[in-house]
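Got the model open in your viewer? Let's walk through it stop by stop, with something to select at each one.

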Amino acid sequence: MLRKLVLRVKNWLYFFGQRPMLWLLLLINIPGTIYGYIWYESQLEITPWYFLLFVPDSPTASLFFVFVLIAFLLRRNWPLIEALAIITLFKYGIWAVVMNLLTYFEMGYLSLASYMLIFSHLGMAIQGLLFAPYYRIKPIHIILAALWTLHNDVIDYVFFMLPRYTVLDQYIPEIGYFTFWLSMVSLLIAYWLCIKKDRLILQLP
């Protein structure tokens, strides 16, 4: 039973590594990334220039994945970008889902755009994990990605450059604490899926 389950999982993951699927995901992620930066436009307009790189969290995570897909289509691996992608896609994907759910519990309803954000960010988190067997990440790449990720938390919650959910402003300390531990979980997942000796490894077709 277990062997059949493992084989089925491998077949599904192999399917996602096929070139038509890579092209499809690239065509989905490019406009999604552009829309993400547009969504941040009003916040970026009031952000000091030296923080601009660290404000649009989700679209930057998606941009990392765009480069991963491009590398795969070129039959190459860019391990540092892969590490940044898997960690930030999971972190900010789950973060956005949780923030929108908290908004629902606070207000009692969500807009259509909020539901779109929930499903799109959940997809972000999942797609980064699906391609873990194709990544060729080493410990140094996890360390560098960890520096980026934790530094971003400092920028968000020390300098208050975080995405604005005004209805949740009263919970900023709790959200910051949750975000820190979400970063740690994201790093552990990346280690578990991409570094462990007995991890699943697949070759691009």
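Angles between helix axes count as roughly parallel under 35 degrees, roughly antiparallel over 145, roughly perpendicular from 65 to 115, and oblique for the rest. Keep that handy for the helix pairs below, and bear in mind that this is a predicted model.

**Stop 1: helix 5 against helix 7**

Select helix 5 (residues 79–107) and helix 7 (residues 139–157). Look at how their axes run: they come within 8 Å and cross at roughly 40°. That angle falls in none of the parallel, antiparallel or perpendicular ranges, so helix 5 and helix 7 are oblique to each other. The crossing of these two helices is right-handed. To see the contact itself, show side chains for Pro79, Leu80, Ala83, Leu84, Ile87, Thr88, Lys91, Tyr92 and Trp95 on the helix 5 side. On the helix 7 side, pick His141, Ile142, Leu144, Ala145, Trp148, Thr149, Asn152, Asp153 and Tyr157.

**Stop 2: a salt bridge between those helices**

Now which side chain meets Lys91 in a salt bridge? Select Asp153: the N to O distance between the two side chains is 2.4 Å. Asp153 belongs to helix 7 and Lys91 to helix 5, so you're looking at a link between distant parts of the chain, 62 residues apart. Is the pair buried or exposed? Both Asp153 and Lys91 are buried.

**Stop 3: the other salt bridge**

The count for the model is two salt bridges, so jump to Lys196 and Asp198 for another one. Here the N to O distance is 3.9 Å, and the cut-off for calling a salt bridge is 4 Å. Colour by accessibility and you'll find Lys196 partly exposed, at 22% relative accessibility. Asp198 is exposed, with a relative accessible area of 62%.

**Stop 4: helix 5 end to end, then helix 8**

Back to helix 5, and put a distance between its end C-alpha atoms. You should get 42 Å, which agrees with the 42 Å that its 29 residues should span at 1.5 Å a residue. Just after helix 5 comes Gly108, with a positive phi near 90°.

Add helix 8 (residues 172–194) to the view: helix 5 and helix 8 pack with their axes 9 Å apart, at an angle of about 140°. Why does this pair count as oblique? Roughly antiparallel needs over 145 degrees, so at about 140° helix 5 and helix 8 are oblique. Their crossing is right-handed. From helix 5, the residues meeting helix 8 are Ile86, Ile87, Phe90, Lys91, Ile94, Trp95, Val98 and Met99. Across from them in helix 8, the residues in contact include Ile175, Phe178, Leu182, Val185, Ile189 and Leu193.

While you're in helix 8, click on Pro173. Pro173 is exposed, with a relative accessible area of 61%. Draw a line from its C-alpha to that of Ile46, 127 residues away along the chain, and you'll read 22 Å.

**Stop 5: helix 4**

Move to helix 4 (residues 57–73), whose 17 residues reach 25 Å from first C-alpha to last, close to the 24 Å expected at 1.5 Å a residue. How many of its residues are buried? The number is 14 of 17, which leaves helix 4 mostly covered.

Zoom in on Ser58 in helix 4, which is buried at a relative accessible area of 9%. Setting aside neighbours within four places in sequence, show what touches Ser58: Tyr40, Tyr92, His121 and Met124.

**Stop 6: two positive phi angles in loops**

Follow the chain out of helix 4 to Arg75, in the loop between helix 4 and helix 5. Arg75 isn't a glycine, yet its phi is positive, about 55°. Arg75 is exposed, at 53% relative accessible area.

Then select Phe160, in the loop between helix 7 and helix 8. Phe160 also has a positive phi of about 55° without being a glycine. With a relative accessible area of 43%, Phe160 is partly exposed.

**Last stop: His151**

Finish in helix 7 with His151, which is partly exposed at 35% relative accessible area. The C-alpha atoms of His151 and Phe54 are separated by 9.0 Å, though the two residues are 97 apart along the chain.

Note on methods. Residues numbered from 1 in each chain as written. Predicted model: local features only at pLDDT ≥ 70, side-chain atom pairs only at ≥ 80, totals over all residues. Heavy atoms only, no water. Helix = DSSP H or I, 4+ residues; strand = E, 2+ residues; numbered from the N terminus. Buried < 20%, exposed > 50% of the residue type's maximum accessible area, 1.4 Å probe, protein only. Expected span 1.5 Å × (residues − 1). Axes fitted to C-alpha atoms, helices over the stretch in contact; angles between N-to-C directions. Left-handed = near helix turned anticlockwise from the far one by under 90°. Contact = heavy atoms within 4.5 Å.
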